[in-house]
Amino acid sequence: MMSESKSRNLSTRSTKSFPFYRFQGTYRQIGQQHGEACRELVLKNLELATERLRRKYNVSTREEVTEAALQYRSYVIKYAPQFDEEIQGLAEGAGITLGEAYLLQVRAELNKIFQTNQTECTTFAVAAEATADGSPLIGQNADLPAFYGELSVVIESIPDEGPATLMLTPAGQISFIGINDAGVGAFGNFLTCDGWRVGFPRYFFTKLALTRSTAAEAVELVESLYRASSRNLIMLDKQGGIVDVETIPSRISRIEAKNGILAHSNHFISPQLLDEERLTGIELENSRVRISRMTELLEANRGKLNAEVMQDILRDRGSYPHCLCQIEGDEGMQAPGERATDIITFASVIAEPAKGHLWIAIGPPDQYEYKKYSFSPRN
């Protein structure tokens with residue numbers, strides 16, 4: 001079925017790709033370069049983020065939102081002061097206020113404050129023994145409002161101190177999903193629970209994990225945080241370690257791969273955290289179908305898995321209406337009679353951390369080709 005879909009769509013897929021940038025220097029300099037190079041997209045992201053809050057949740061002014069966003073800053077300074085330096089540089093480079101720059105980092109927390117639940121993303125990790133060439137794989141289909149497909153960029157960031165990173169991220173957001181040049185990959189899913197609070201923001205979990213050289217070290221670091229919110233974090237390192245942690249503000253629970261394969265979507269699967277689940281109805285059904293479908297396809301291709309096979313899997317729509325590859329107009333995310341959701345698979349990412357490669361397609365990936373990104377040689 002997947003090969004038929006591939007042959008049917010190959011000639012019609014777009015080769016359009018996300019803009020790519022390489023930034024180097026201190027964290028503040030990297031932030032300044034990001035803000036300057038992506039200023040137009042940063043401003044557009046900021047406008048769309050605040051308009052979305054205003055339209056859906058009756059937030060009256062941007063000042064109200066930026067004041068809320070800056071409450072998270074002290075926790076960023078406590079656990080990752082270099083991230084605060086990068087955000088300051090971003091604000092300077094893009095010509096926005098520090099509060100506006102922080103707004104872009106804590107989008108999920110602000111959405112929760114202003115009362116909305118959401119589901120985002122299907123992730124996977126595959127150990128060396130289950131791949132075709134012995135190189136482990138990790139990645140995800142990233143599901144967000146469709147406009148993120150026009151706002152996102154691929155950034156190679158080379159700080160003066162610490163590992164370099166390759167990340168896909170919305171312009172103006174310093175952390176989303178990707179790999180470092182130490183062979184670690186870090187990806188994430190939205191989880192919904194009660195008890196969100198002001199603390200260390202969820203999108204920074206991945207960037208913080210990528211400051212380490214093993215998945216085990218990354219888990220210890222994330223576990224030590226005073227976390228603001230919930231997020232599932234799936235990680236893999238070149239030593240072959242796969243670690244998935246479901247995190248809520250007050251607790252964390254590990255999930256082990258089975259026979260070298262692990263998948264996750266947007267509901268809790270750890271027995272220790274099942275009581276935290278707040279997804280219901282069609283959203284919960286959608287999440288359950290997606291994780292089941294991803295696991296089924298990974299198992300069916302055990303021993304054959306590589307970047308090309310994963311492209312076919314991430315383009316899969318065989319579980320409609322609850323698809324791995326979600327397109328505009330899908331009915332899998334809303335109850336009958338409700339208005340169609342604006343969530344699509346805006347990007348699809350496959351990582352080979354041991355090789356230093358990211359394969360990224362604009363989404364929905366059944367309509368676009370994947371492009372390979374690799375780390376530049378260190379000077």
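## Close-up views of a predicted model

**Figure 1. The whole protein agrees with the size of a compact globule.** With 379 residues, a compact globule would have a radius of gyration near 21 Å, and the protein has 19 Å, which agrees. This is a predicted model. Its C-alpha trace spans about 55 × 50 × 45 Å along the principal axes. The secondary structure comes to 13 helices and 14 strands. Buried residues make up 61% of the 379 residues. Among contacts with a separation of 6 or more, 66% join residues 24 or more positions apart.

**Figure 2. The surface and charges of the protein.** The protein exposes about 14200 Å². Carbon and sulfur atoms supply 48% of that area. The protein carries 40 positive and 49 negative charges. The mean positions of these two sets are 1 Å apart.

**Figure 3. A salt bridge joins D194 and R278.** The model has 17 salt bridges, counting a Lys or Arg side-chain nitrogen within 4 Å of an Asp or Glu carboxyl oxygen. In this one, the closest N and O atoms of D194 and R278 are 2.8 Å apart. The pair links distant parts of the chain, 84 residues apart. D194 lies in the loop between strand 7 (185-190) and helix 10 (204-209). R278 lies in the loop between strand 11 (261-264) and helix 12 (281-300). D194 is partly exposed, at 45% relative accessible area. R278 is also partly exposed, at 32%.

**Figure 4. R251 and D275 meet in a salt bridge.** Their N to O distance is 3.5 Å. This pair, too, links distant parts of the chain, here 24 residues apart. R251 sits in the loop between strand 9 (242-247) and strand 10 (252-255). D275 sits in the loop between strand 11 and helix 12. R251 is partly exposed, with a relative accessible area of 32%. D275 has 52%, so D275 counts as exposed, the cut-off being over 50%.

**Figure 5. R293 and E296 form a salt bridge within helix 12.** The closest N and O atoms are 3.3 Å apart. The two residues are 3 apart in helix 12, so about one helical turn separates them. R293 has a relative accessible area of 10% and is therefore buried, as buried means under 20%. E296 is partly exposed, at 43%.

**Figure 6. Shared partners build a network of salt bridges.** Three residues belong to this one network: R13, R315 and E369.

Methods. Residues numbered from 1 in each chain as written. Predicted model: local features only at pLDDT ≥ 70, side-chain atom pairs only at ≥ 80, totals over all residues. Heavy atoms only, no water. Helix = DSSP H or I, 4+ residues; strand = E, 2+ residues; numbered from the N terminus. Buried < 20%, exposed > 50% of the residue type's maximum accessible area, 1.4 Å probe, protein only. Rg over C-alpha atoms; globule rule 2.2 N^0.38 Å. Contact = heavy atoms within 4.5 Å. Areas by Shrake-Rupley, 256 points an atom, 1.4 Å probe, with all protein chains shown as cover. Lys, Arg positive; Asp, Glu negative; His and termini not counted. Charge placed at Lys NZ, Arg CZ, Asp CG, Glu CD.
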